[in-house]
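Here is a short report on selected local features and the nonpolar core. Have the sequence and the model open while you read.

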Amino acid sequence: MDRTIAEIIREILTRLREARSRQPALRALIEVRLAGLSADEEVLGLLARALGRGPGELRRIASWLTDVLDSTGPRSLHRCVSVSCGAKGAADFWAEFGPCLERAGLGREVVPVHCLGQCEQGPSLALGERVYTAGADLVVVDDRPWRESPFSQES
Ligand code: FES
């Protein structure tokens, strides 16, 4: 008998609890994708309740993740490797999530940058003006009108 969506979500959440993931929302949404489920309202509602999060927060992460993995545009994924994010575990974060994103189908270039303006909630990953902040397990919009493009570490 096929497993129900609720059973698959329960299994994913059990694995994340056992792994003591520090970014359960992003990790769960990647696992949902790897399980062949779409992050529809039912799935987002189940995850939001189980994680004690707002459905809007999950929806924003799911939308960001879809764009990171599916968009065909030339934009890079910017990964902050600067001091604050480094002190908050950027290397460990990327060691966990880089392979997860690869398995989920990441095809875009990942560019190390010096800062994405979200130092307090880093480590940070940005696609355009939307930044995933691993410290908060949230996607925020960097809408500072004066911000400059991230300063790449590569030429
Ligand atoms: S040091 Fe990473 S966002 Fe500022």
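## Local backbone and core

D137 sits in the loop between β4 (130-133) and β5 (138-141). The model is predicted. D137 is not a glycine, yet its phi is positive, about 55°. Is D137 buried or exposed? D137 counts as buried because 20 C-beta neighbours lie inside 10 Å, and the cut-off for a buried residue is 20 or more.

R20 also calls for a look at its phi. The value is near 50°, positive in a residue other than glycine. R20 is found in the loop between α1 and α2 (24-34). R20 has 7 other C-beta atoms within 10 Å, so this residue is exposed.

The table sets out the two residues and their phi values.

| Residue | Phi | Citation |
|---|---|---|
| R20 | near 50° | positive, not a glycine |
| D137 | about 55° | positive, not a glycine |

One peptide bond deserves a check too. The bond from G122 to P123 is cis, and its omega is near 0°. P123 belongs to the loop between β2 (110-113) and β3 (124-127).

Now turn to helix α1. The helix has 15 residues. From its first C-alpha to its last, α1 reaches 21 Å, close to the 21 Å expected at 1.5 Å a residue. R20, with its positive phi, follows α1.

I8 lies within α1, which covers residues 5-19. How many C-beta neighbours does I8 have inside 10 Å? There are 18, so I8 counts as partly exposed. Leaving out residues up to four places away in sequence, I8 touches R3, A35 and L37. I8 and L37 are 29 residues apart in sequence. In space, their C-alpha atoms are 9.1 Å apart.

Last comes the core. The largest nonpolar core holds 34 residues. Which residues have the most contacts inside it? They are L29, L47, I61, L65 and Y132. At least two residues of this core come from each of α1, α2, α3 (41-51), α4 (55-70), α6 (90-104), β3, β4 and β5. Helices and strands thus both appear in that list.

L29 gives a view of the contacts. Setting aside neighbours within four places in sequence, L29 is in contact with A39, I61, A62 and L65. I61 and L65 are also among the residues with the most contacts inside the core.

Terms used
Residues are numbered from 1 along each chain as its sequence is written. This is a predicted model: local features need pLDDT of at least 70, side-chain atom pairs count only at pLDDT 80 or more; totals for chains, interfaces and linings use all residues. Helices (H or I, at least four residues) and strands (E, at least two) are DSSP runs, numbered from the N terminus. A residue is buried if 20 or more other C-beta atoms lie within 10 Å of its own, exposed if 12 or fewer, and partly exposed in between; C-beta atoms are placed from the backbone. Two residues are in contact if their C-beta atoms, placed from the backbone, lie within 7 Å. The expected span of a helix is 1.5 Å times one less than its number of residues. A nonpolar core is a set of buried Ala, Val, Leu, Ile, Met, Phe, Trp, Tyr and Cys residues joined through C-beta atoms within 7 Å.
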